[in-house]
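Colleague: Please choose one part of this model and examine it closely, with the backbone, the burial and the pairing of its residues described together. I should then like to see how that part relates to the rest of the assembly.

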Amino acid sequence: MVSSQDQGEPSLLSVRGLTKLFGTFSACDGIDLDIAPGEIHALLGENGAGKSTLVKMLFGVLQPSAGQIFWQGKPVSISSPGQARNLGIGMVFQHFSLFEALTVGENIALSLDPKISLSKISQEAAALSHAYGLPLDPNMHVADLSVGERQRIEIVRALLQNPKLIILDEPTSVLTPQEAERLFETLFKLKAEGRSVLYISHRLDEVRQICDRATVLRHGKVTGACDPKQETPASLARMMVGSDVAAVHREELGAPGEALLEVSGMSVAARTPFSVSLKDVALAVRAGEVLAIAGVAGNGQGELFDALSGEYPVSDKDAIKIRGRSVGRMRINDRRLLGAGFVPEERHGHAAVAQMSLSDNLLLARAHSDRKAFLSGGFASVIRHGAVRSAAARICQAMDVRKSGEDPAAGSLSGGNLQKFIVGRELDRQPSVLVVNQPTWGVDAGAASRIRQALIDLAKAGSAVVVISQDLDEIFEVATSIAVISEGKLSQAYPAGELSLERIGLLMGGIHDSTQHASHDAAMAGEAADAH
Amino acid sequence: MFEAILLTVMTAATPLVIAAMGELVAERSGVLNLGVEGMMIMGAVCAFATAHMTGSPYLGVLAGIGGGALFSLLFGFLTLTLVTNQVATGLALTILGLGVSGQLGESFVGLAGTKLQPIVFPVLSDIPFIGRVLFAQDLIFYLSIALIIGVNWFLFKSRTGLKMRAIGDNHGSAHALGINVVRTRYLAVLFGGACAGLAGAQLSLVYTPQWVENMSAGRGWIALALVVFASWRPWRILAGGYLFGAVTIGQLHAQAFGVGIPSQFLSALPYAATIVVLVIISHNRRTTLINTPASLGKPFVPDR
Amino acid sequence: MRIELERRPRASTAFAAISPLLALVLTLFFGGLMFWLMGKDPVATLYTFFVEPLFDVWSLHELVIKAAPLILIAVGLSICYRSNNWNIGAEGQFTIGAITGSILPVLMPQWHSVLLLPAMLIMGMLGGALYAGIPALLKTRFNTNEILTSLMLVYIAQLFLDWLVRGPWRDPQGYNFPKTISFAPEAILPELLDSGRAHWAAVFAIVAAVALWFMMRFMLKGFEVSVLGQAERAGRFAGFSSKKMVWFALMLSGALAGLAGISEVSGSIGHLQPSISPGYGFTAIIVAFLGRLNPLGIIASGLVLALTYLGGEAAQLSIGISDKISRVFQGLLLFFVLSCDTLILYRIRLVFSGNKTEAGAQKNV
């Protein structure tokens, strides 16, 4: 049995062959992992590599389909978060499980022994938070706190239970560099006390800075285990995104033509308390170009898409130009009439209505732009179901959409096939401008390459394409130029050939060119230099 | 004279306050139960029938509470276990309640009721002015005050109340923390039903001690509006309830004095006031967004 | 024992078809049980209630008379509910439609013209639509919940009608009865057949149901209703406006409720009086759900619900059960419809504690 690891040192937590299936999709596939007492262990991987699924199983939120977890050498089955806490596992979620309407103290009390009084918890929390350098006021309402402060609640909440292992899921993705620095100090204190930390991240520099060992995941499988301090960012990146990155063959697209989509000086205030504001965004995409916009999730990608598509028009009509026309204040259908097409990130409930048939979902995006083909009866706007259905069939054929039945509900298709349809529905009308958010998120490899090929072909035919993506493989495969979005700010665009993986990683981590955002990057740059 | 008016205002306000308190707890846990009117009328008929048959209004009160609570269980089973649409199910509860109560109460129409007598606190009730108003009331009035204090303590001081508010704010996170969302909501719905039933008992044992079909006359709906008005805070229910009680009694007195305004317009006043109040409270989207329990009315199916 | 739901990979078409029938069967079963508890023969009572009225020409006419307003209102409500707007104040819109439609025959009794009736119907629809426009305005402009406002407006409408027929509109020759003058013959909605009282409201109901079915099935507007009701964000992606939809759905359903109101007054009553509806506006909510929010299904469910009214009257006469029993049937029916609809989206599993190793652990608070 696996009560000890290779070095002979007993493991705090061991995982053997852990597998999680969602239907036929394996989010985690035979994962092995060992965490020693008193170490900071990194779990590296891209979005969708299976990191979150793995830790949810460790914390009892999800039940594994196969495999075994060992805690201090003994096999355990962790069926609930409460049980995980009783074992001594604390968890800090990426998407905080906090209650906005409650105070800090109340949030903490919810996960503790109900016999302890609220005021005592508040006192302890305040004391503990100061001891670890994470100042918190227990009486504040969570809704009024910054993201960094919210994370402190999660950490203090985990620490109050005196855990032996603390799992942090992408903790710095929501922090400023200064906040991240303070978090690292806290982690070192925890390590000094003999506690273990499982640190989930895709940021190479910080993993190399603070972690003792690393396990790398890709497509739900372990692709490497190493000491990150012995590795270079490039070698770590290769384990994370696969060695085939450099080998991607992309056809030359020929000389770009006139600018079809131009954005300048576009600032958009956050619409809800949970969204990101866009700050002085500028970009230009010419005919024959594919501009890829890279970035970590939640840095303003959705908001950028909303503004470009016209689902939420912006106040300055000149901020966005499509084929030379100022369209900032136009709504989505008027922009479509100018030849633009859009593919949102979320398939269900945004790009498509799951309960509706494919032909209805075709109509969703094209009733206005293809009025003549799809509608008749003048004012009454009677839907020509026959024409819509045959167009849907044409799209399915062109994009090789596999489906059951003639015109099935969108929700019955697999993610990849539905995405092929959604992209195909725009390509079918040969848009001169296409804006796509996360074209292949959660899509199988076959469908992904099909979609990427189609995007390249569209650009080759003389259209301007914007691809917003968090997938670096994809970006290198399709882009002619690359910009990076971070905290609602967009970097300048670089020709794809001139950008290395490391460079993009730095930009994604908020390290912009010193010419652009001098103040806040100096610290990061210095820190990055230290790490090298 | 003023004292008498105040007493009638309190009698008119008490059922609103009690029913709204129950609904407040249910909504704090994230359940929107539009069946208050139905549960209230069920409470009224159960209370009247029991009091009439046993001669004890106190047994009537118990029966009212039990009737409302049992009836709410039906709503709970559908919305929490079968995850049906809360709006439609609440409407169904009201329609069924009005029907069943009419059927049950058929033989009681026109019979003399058993009035719940005031409980007079000897010395305290002799305090000038406030004595009669506060210390010579019936049991249900005292219960209404106890309810406000109790619910306020429960929601903001007890751990179970904290869990309930957490569920209402974000049932997904609450589930992730290991709080039993469905069970807690069942209890909240049951409490809401018991309160609505008690409010109904007040109608048929105190306010107008007799059985009249549809005697709740929209009070259940006004109680629902009161919860919004009070921004889900217990003490504001008291204020809102007495405001509505005052409007109701005020229009009755105005009718009696013949102020020259048609009685129907005066009778419509509480309903019109409800609309006005709702508009004032809800027009600020931001505060509404902040005050409303975030998971209110949303279906919850735990994933495993 | 515990009940767990498991989401089906796709909505079950079989259960979508069976669900209303299953609900009917369950309602009849529990109704029979109720009769049995009341000491009546369940089979004979159910027969009197639901079958006997169908063998009599007179009661068939009554069935149509009662079904017409239910169908008219319910098809309007189905558009509301499909677009996720919860208008439950159809009873008020019905009342206001009856009032505005009656302005001409009450205030201008000398006007005898073929145009009178069409004008009345149009004014009735306008009145209902404008009255439903109030919650629409409050929802779009002030973010106010339409459920509560539309319901409060019911009480206000009923009190307003009460005031009218007891006050300014009371028939001076009416021996102080609270009613208006009887409408002139030109203001009466004609009967359809010589055999009975059923009048043109039935035709309006069928036309409205078929027209809205056509809209939902074939027109872009119907598509817009479905999209915004199912996924507001997808509707925005399609360029549809959810605010305009609030106005459209509420005013359409208000107009149809108003039409039902004036048709009822003009065709069945012949004058205004304090009570003009046995709760059609509320029963129509059940009709809409039982018809699965499909206008054609609503024609069938409207007839079923009309039968509960009729059966109630029949049972009162021949067996001596209160006609309140029809309300009980209606409420039960809605409950069972909603419960059975769960089967369309979910598979229901009974879990017995102890069978699963995790069952105990999952029970922590």
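Modeller: The reasoning needs one definition: a residue counts as exposed if 12 or fewer other C-beta atoms lie within 10 Å of its own, as buried if there are 20 or more, and as partly exposed in between. The model is predicted, and the part chosen is strand β7 of chain A with the loop that precedes it.

That loop lies between α5 (147-159) and β7 of chain A, and it holds Asn162(A). Asn162(A) has 10 C-beta neighbours inside 10 Å, and therefore counts as exposed. Its backbone also deserves attention. Most residues other than glycine have a negative phi. At Asn162(A), however, phi is positive, near 50°, although the residue is not glycine.

A second case of this kind occurs elsewhere in chain A. Gln430(A) also has a positive phi near 50° and is not glycine. Its place is the loop that connects α14 (415-427) to β19 (433-437) of chain A. Gln430(A) counts as partly exposed because 13 C-beta neighbours lie inside 10 Å of it. A glycine with a positive phi, of about 80°, is Gly60(A), just after α1(A). Helix α1 of chain A, residues 51-58, is mostly covered, with eight of its eight residues buried. Lys51(A) and Lys56(A) are among these buried residues, together with nonpolar ones such as Leu54(A) and Val55(A).

From the exposed loop position the description passes to the strand itself. β7 of chain A covers residues 165-169, and five of its five residues are buried. In a regular strand the side chains alternate between the two faces of the sheet. In β7(A), Leu165(A), Ile167(A) and Asp169(A) point one way, whereas Ile166(A) and Leu168(A) point the other way. Burial holds on both sides, and it includes the charged Asp169(A).

β7(A) has two partners to describe. With strand β6 (residues 89-92) of chain A it pairs in the parallel sense over four bridges, and Val92(A) stands opposite Leu168(A). With strand β8 (residues 196-201) of chain A the pairing is again parallel, over five bridges. There the bridge partner of Leu165(A) is Ser196(A).

Another sheet in chain A offers a contrast in pairing. Its four strands run in the order β2-β1-β4-β5, form an open sheet and pair in the antiparallel sense. β2 (25-35) and β5 (74-76) of chain A each have a single partner strand, so they stand at the edges with one side lacking a neighbour in the sheet. With direction ignored, neighbouring strands of this sheet are turned by 30° against each other on average. Strand β1 (residues 13-22) of chain A is joined to β2(A) by seven bridges, and Ser14(A) stands opposite Asp34(A) in β2(A).

One residue of β7(A) also leads to the nonpolar interior. The largest nonpolar core has 382 residues, and Ile167(A) is one of those that touch the most other members, along with Met21(B), Leu226(B), Ile71(C), Leu72(C) and Ile73(C). Helix α9 (residues 181-207) of chain B gives the largest share of this core, 16 residues. As for Leu72(C), with residues up to four places away in sequence not counted, it touches Phe204(C), Ala205(C), Ala208(C), Leu256(C), Leu259(C) and Ala260(C).

The contacts between chains complete the setting. Chain A gives 17 residues to its contact with chain B, which gives 14. On the side of chain B, α7 (159-169) and α8 (171-176) each give two or more residues, with α7(B) giving the most, six. This side divides into six nonpolar, three polar and five charged residues.

Chain B also meets chain C, in a contact that takes 44 residues from chain B and 41 from chain C. On the side of chain C the largest share, 12 residues, comes from α14(C). That side has 26 nonpolar, 11 polar and four charged residues.

Chain B itself contains 13 helices and two strands. Its radius of gyration is 19 Å, which agrees with the value near 19 Å for a compact globule of 304 residues. Of those 304 residues, 56% count as buried.

Key: Residues are numbered from 1 along each chain as its sequence is written. Chains are lettered from A and ligands numbered from 1 in the order in which they are written. This is a predicted model: local features need pLDDT of at least 70, side-chain atom pairs count only at pLDDT 80 or more; totals for chains, interfaces and linings use all residues. Two residues are in contact if their C-beta atoms, placed from the backbone, lie within 7 Å. A nonpolar core is a set of buried Ala, Val, Leu, Ile, Met, Phe, Trp, Tyr and Cys residues joined through C-beta atoms within 7 Å. Two strands pair if DSSP finds at least two bridges between them. Axes are lines fitted to C-alpha atoms, for helices over the stretch in contact, and angles run from 0 to 180 degrees between N-to-C directions. The radius of gyration is taken over C-alpha atoms; the globule rule is 2.2 Å times the number of residues to the power 0.38.
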